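Colleague: I'd like to go through the reasoning behind some of the labels on this model. Can you take me through it step by step?

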Amino acid sequence: MSLTERPEAAAGDKRPSFPVRLSPHAGVPSASKKSTNATDAFKPLPLKHAVQGLQKPLPAGVGLDSQAVRTRMVEKLAKQGVQDAAVLAAMGQVERHRFVDTALANQAYEDTSLPIGLGQTISKPNVVARMLELLREGKGERLGRVLEIGTGCGYQAAVLSHLASEVYSIERLRGLHEKARENLRHFRLANVHLLFGDGMEGFAKGAPYAAIIAAAGGEAIPPAWIAQLAVGGRLVAPMQTASGQQALVVIDKTAQGIRQTVLEAVHFVPLKSGTN
Ligand code: SAH
């Protein structure tokens, strides 16, 4: 595996290599260089464009009309209550079927979670949309730097790339980290940085983050995540509650302190420490 490999970075681009590793020499821009040029960055398409996109031919063997099926998925998400047009547009753009095994491609746009290997799952579209909507709540513009814990197959990172200036995504299972790298190669998303490591420690070099999102749930929110969240930033994660059930938790970091809101019950894979 080449650690220096990177997509089509512009000349003079100081972004870290792709993927980067959690090492002291990863070359990630320091917090003081936090991107402020959000307006130069990609703007999500308005929903009507996202859902009327080109009818792109699918790879051989995938027996569905990708854009049309995605449009239906987005319409269904909107009916289920997802209101954020930027989230809907991003989900209308990202070809979800490219992130699952070919044998499962025809289920990629159904409201179901799917296995992605090594005992892990890609969340159902409704849950991805809900979490991204929560993450963006009240933010009309593009998010700044975002940290994702649990890259999995890379799908949610790809959606996030349309909603944030930079996405740092950590995975603790090397097999999945590499699978995500393969999956994402096709999309050439220069603002997605894949990291292999224990996401419970966050990724201090990219901090502070405007938003942090976790796709795996533990018994508590790791202190590193709170420490690495910017003041004014928001964290969305599954967490085990007092009743022993998992629920979605939203944490807002304000100048006055931390505000935690516990929302609906969810079923995410466990947050585990260490790498494998
Ligand atoms: N967002 C992903 C969902 C992957 S499932 C997607 O779109 O596919 C959650 C992932 O979290 C799993 O791949 C699991 O290995 C990973 N995970 C669990 N604990 C972790 C940790 N401490 N650090 C990084 N990743 C972790």
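**Helix packing**

Modeller: Sure. Helix 2 (residues 66–79) and helix 3 (residues 85–93) have axes that come within 8 Å and cross at roughly 155°. Keep in mind that this is a predicted model.

Colleague: Why is helix 2 called roughly antiparallel to helix 3?

Modeller: Angles over 145 degrees count as roughly antiparallel. The crossing is at roughly 155°, so helix 2 is roughly antiparallel to helix 3. The crossing of the two is right-handed.

Colleague: Which residues make the contact?

Modeller: On the helix 2 side they are Gln-67, Arg-70, Met-73, Val-74, Leu-77 and Ala-78, and on the helix 3 side Leu-88, Met-91, Gly-92 and Gln-93. Sorted by class, that contact of helix 2 with helix 3 has six nonpolar, three polar and one charged residues.

Colleague: And what makes helix 3 and helix 4 oblique to each other?

Modeller: Helix 3 and helix 4 (residues 125–136) pack at an angle of about 140°, with the axes 9 Å apart. Roughly antiparallel needs an angle over 145, and roughly perpendicular stops at 115. About 140° fits neither, therefore helix 3 and helix 4 are oblique. Their crossing is right-handed.

Colleague: What meets what there, between helix 3 and helix 4?

Modeller: Ala-86, Val-87 and Met-91 from helix 3 meet Pro-125, Val-128, Ala-129, Leu-132, Glu-133 and Arg-136 from helix 4. By class, the contact of helix 3 with helix 4 comes out as seven nonpolar, no polar and two charged.

**Around the ligand**

Colleague: How many residues surround the ligand, and which are the closest?

Modeller: There are 28 around the ligand, and the closest are Thr-121, Glu-171, Asp-198, Gly-199 and Lys-272.

Colleague: How do you know that Asp-198 makes a polar contact with the ligand?

Modeller: An N or O atom in the Asp-198 side chain is 2.9 Å from a nitrogen atom of the ligand. The cut-off is a pair of N or O atoms within 3.5 Å, so this pair counts. Gly-199 passes too: one of its backbone N or O atoms lies 2.7 Å from a ligand nitrogen. For Cys-153, a polar backbone atom is 3.1 Å from an oxygen atom of the ligand, again inside the limit.

**Backbone and a helix 7 residue**

Colleague: What is the peptide bond from Ala-207 to Pro-208, cis or trans?

Modeller: That bond is cis, with omega near 5°. Pro-208 is in the loop between strand 6 (192–196) and strand 7 (209–214).

Colleague: What is the phi of Leu-118?

Modeller: Leu-118 has a positive phi of about 55°, although it is not a glycine. Leu-118 is in the loop between strand 2 (114–117) and strand 3 (120–122).

Colleague: Where is Ile-226, and which residues does Ile-226 touch?

Modeller: Ile-226 lies in helix 7 (residues 223–228). Leaving out residues up to four places away in sequence, Ile-226 touches Ile-221, Ile-251, Lys-253 and Ile-258. Ile-226 and Asp-252 are 26 residues apart in sequence and 9.2 Å apart in space, C-alpha to C-alpha.

Technical notes
Residues are numbered from 1 along each chain as its sequence is written. This is a predicted model: local features need pLDDT of at least 70, side-chain atom pairs count only at pLDDT 80 or more; totals for chains, interfaces and linings use all residues. Side-chain values use heavy atoms; hydrogens and water are left out. Axes are lines fitted to C-alpha atoms, for helices over the stretch in contact, and angles run from 0 to 180 degrees between N-to-C directions. Helices (H or I, at least four residues) and strands (E, at least two) are DSSP runs, numbered from the N terminus. Angles under 35 degrees count as roughly parallel, over 145 as roughly antiparallel, 65 to 115 as roughly perpendicular and the rest as oblique. A crossing is left-handed if the near helix is turned anticlockwise from the far one by less than a right angle, and right-handed if clockwise. Contact means heavy atoms within 4.5 Å. Ala, Val, Leu, Ile, Met, Phe, Trp, Tyr, Cys and Pro count as nonpolar, Asp, Glu, Lys and Arg as charged, and the others, Gly among them, as polar. A residue is near a molecule or strand if one of its heavy atoms lies within 4 Å of it. A polar contact is a pair of N or O atoms within 3.5 Å; within protein, one must be able to donate a hydrogen and the other to accept it, and residues adjacent in sequence count only if both atoms are side-chain atoms.
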